[in-house]
Structure formats: structure tokens, C-alpha cells
Amino acid sequence: MNDPAQALRDFQPTREFFIGIDSDGCVFDSMEIKHKECFTPMFIKHFGLQPVSKYAREVWDFVNLYSKTRGVNRFPALSNALDLLAKRPEVIARKVSVPSPDPLDEWMTRETKLSNSSLTKEVQGGNRDLENVLAWSNAVNAMIEDLVHGVPPFPLVPESLQKLNTQADAMVISQTPAAALEREWAEHDIARHVRIIAGQEMGTKTEHLKFAAAGKYPANKILMVGDAPGDFKAAKSNGALFYPILPGGEEKSWQRFFDEALQVFFAGEYAGEYEAELVQAFNASLPEKPRW
Ligand SMILES: [Mg+2]
């Protein structure tokens, strides 16, 4: 069997430092358009949520954009959203039955590569309970391919990539399908600044960092740049450092990265107080619980 993650295991350092970079919401200002115009309409359509579309939209946005689960892989996000929606008083009052996430949860306990291709295999293997999840996921991909164009990287991203390349190997670490990542990084001519583009097919973000960087560089020379708690977790479970791109403050974050943080990291002075202050601001930027 061909394991897509083998490219990460085979990866060899060419520079002193390693920097992993998330894509959606970190490099690209693409979270709003993808979730609001692509994921949410297909969530409503494929799970029969038309009678509670307003609440379905609020729940989807909360899970994927405005809470601690921001940026999570689409399958756990779907499970979480179905669960939260079913418990909303407005939904209960309308006697709308929300599909159960149980079959999806069962699959996710067995599968670490939560991708369209692994789900396709599961459904082709006879798991009919996941047919609607696959139809939704495919529809989302088609919608994104059709609609999401011309969304450029945040200001100073290309310049930052160029600058970090002088001393670091860079890699895209994302839970987006690889085809979309390759299209988006090529469209804006920034793919040439990274060694590998790792998407959902190569495993979780924690696995990406573990296979590509852990043990190949000293831990204090590995940095993960991201906009979501999942990016922070991937860094910390590998003993690596984390630089947050603050949701809502992305431009300032890239400015600080370009002007200051990158040099601090290269100087070996990033760990400790400098990182702690950034992480504290990051933790304060997203709520844990919904307001409804
Ligand atoms: Mg992100």
C-alpha cells in the first residue's frame, strides 16, 4: 500500500531551521468564503437542515470560525456541528430531527487520515451510513473549486516566506485536501517557497510535524505558524514552538512575524517569555462556549 505520508518520513533537512505553516486563515484570508459560501450551504442541503438554516449557519460558523475548534478537520467539525445543533432549544422546539453523528464518530475512531479518499474507500467498502457525509464532502470540494478564486495571501506573506527560506525549510501543514492546497499555493505563486504541501491525506497536523521534523531538527529550531488551537496542539505535542496568526488580527500578526518574530526565532530567543505572551493573546482571541 502506498502511504501518502511516506514523503514526510523521507523528507531530509537542508537548512538549520524548520517552519510549518498552516494555510486557510493563516496564509490565505479564505476561511470566511470557504465556510460561509461553501461548507454551510452544503451542510444545510445534505443534512436536511432547511427548516433551521439560521441556527445551522450559526452553529457551523461557531465551530469552524469563531471558537476554539476553529480550523479543525471537516469531519470532526461536522460531527461537532450536528451534535451542537441537535441540542439547540430552537431546533428542539421546531421538532426538526438532525441526523446523528454516530456513524461518523465510529469511523473516526478507526481512521486517523480523515480525508475524502479514506472516506470514499469506507463507503465503497459498504458503509452506507456514511454516504451522505461523502456526498456533502464531495459537494463542498466542488463548490470550493468553483467559487474560491482570487483570494490572495495576507499582506507580507510572500515576503515572509522569502525571508524565512534563507535559514529554514518550510512546509505547508494543513487539513485541507491536497488538490485545493496545490491549486491555491500555485495560483498565487508561493508554492515555490515550500518543500512539501501536506494536506489531510497525509494525516493530522501533529503527524505531519512528527514525521517531517521531529528528531530531524532540535525542538527549539522547529516553529509552527497557525491561526487555530489545532496548530498550537500540533506544535506542542511535538515539543515545537508556535507563532499565532490572530483571528481578526492577521495583518498585524504577519507584520510582527516579518519585522521581529522570525529574527527572534532564528536568534534562538523565541522560547519562554516571548512565545508565552503571544500564546496568551491567542488563547484570549477565541471562545470555548457558544453564546446561545
Ligand atoms: Mg487555519
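**Exercise 1. Is Lys252 buried or exposed?** Work out which word fits Lys252.

Solution. Start by counting: Lys252 has 11 other C-beta atoms within 10 Å. Next, bring in the cut-offs: a residue is buried with 20 or more other C-beta atoms within 10 Å of its own, exposed with 12 or fewer, and partly exposed in between, with C-beta atoms placed from the backbone. So Lys252 is exposed. To find Lys252, go to helix α13 (residues 250-266); helices here are DSSP runs of H or I with at least four residues, strands are E runs of at least two, and both are numbered from the N terminus.

Before you go on: this is a predicted model, where local features need pLDDT of at least 70 and side-chain atom pairs count only at pLDDT 80 or more, while totals for chains, interfaces and linings use all residues. Residue numbers start from 1 along each chain as its sequence is written.

**Exercise 2. Now try Ala228: where is it, and which residues does it touch?**

Solution. Look in the loop between β4 (222-226) and α12 for Ala228. Count again: 28 C-beta neighbours sit inside 10 Å, so Ala228 is buried. Then list its partners: leaving out residues up to four places away in sequence, Ala228 touches Gly25, Arg70 and Gly71. Contact here means C-beta atoms, placed from the backbone, within 7 Å.

**Exercise 3. At what angle do the axes of α2 and α3 cross?**

Solution. First, take the axes of helix α2 (residues 31-46) and helix α3 (residues 53-64): they come within 10 Å and cross at roughly 130°. Axes are lines fitted to C-alpha atoms, for helices over the stretch in contact, and angles run from 0 to 180 degrees between N-to-C directions. Second, name the arrangement: α2 and α3 are therefore oblique (under 35 degrees is roughly parallel, over 145 roughly antiparallel, 65 to 115 roughly perpendicular, the rest oblique). Third, pick out the contact residues, which include His35, Phe39 and Phe43 of α2 and Ala56, Trp60 and Asp61 of α3.

**Exercise 4. How many residues does each domain give to the contact?**

Solution. Begin with the bounds: domain 1 is 6-29 + 151-284 and domain 2 is 31-147, as set by an automatic or database domain assignment. Their centres, taken over C-alpha atoms, are 27 Å apart. For the contact, domain 1 gives 17 residues and domain 2 gives 16 residues. Finally, check the elements: helix α12 (residues 229-236) supplies three residues, the largest share of the domain 1 side that touches domain 2.

Note on methods
Contact = placed C-beta atoms within 7 Å.
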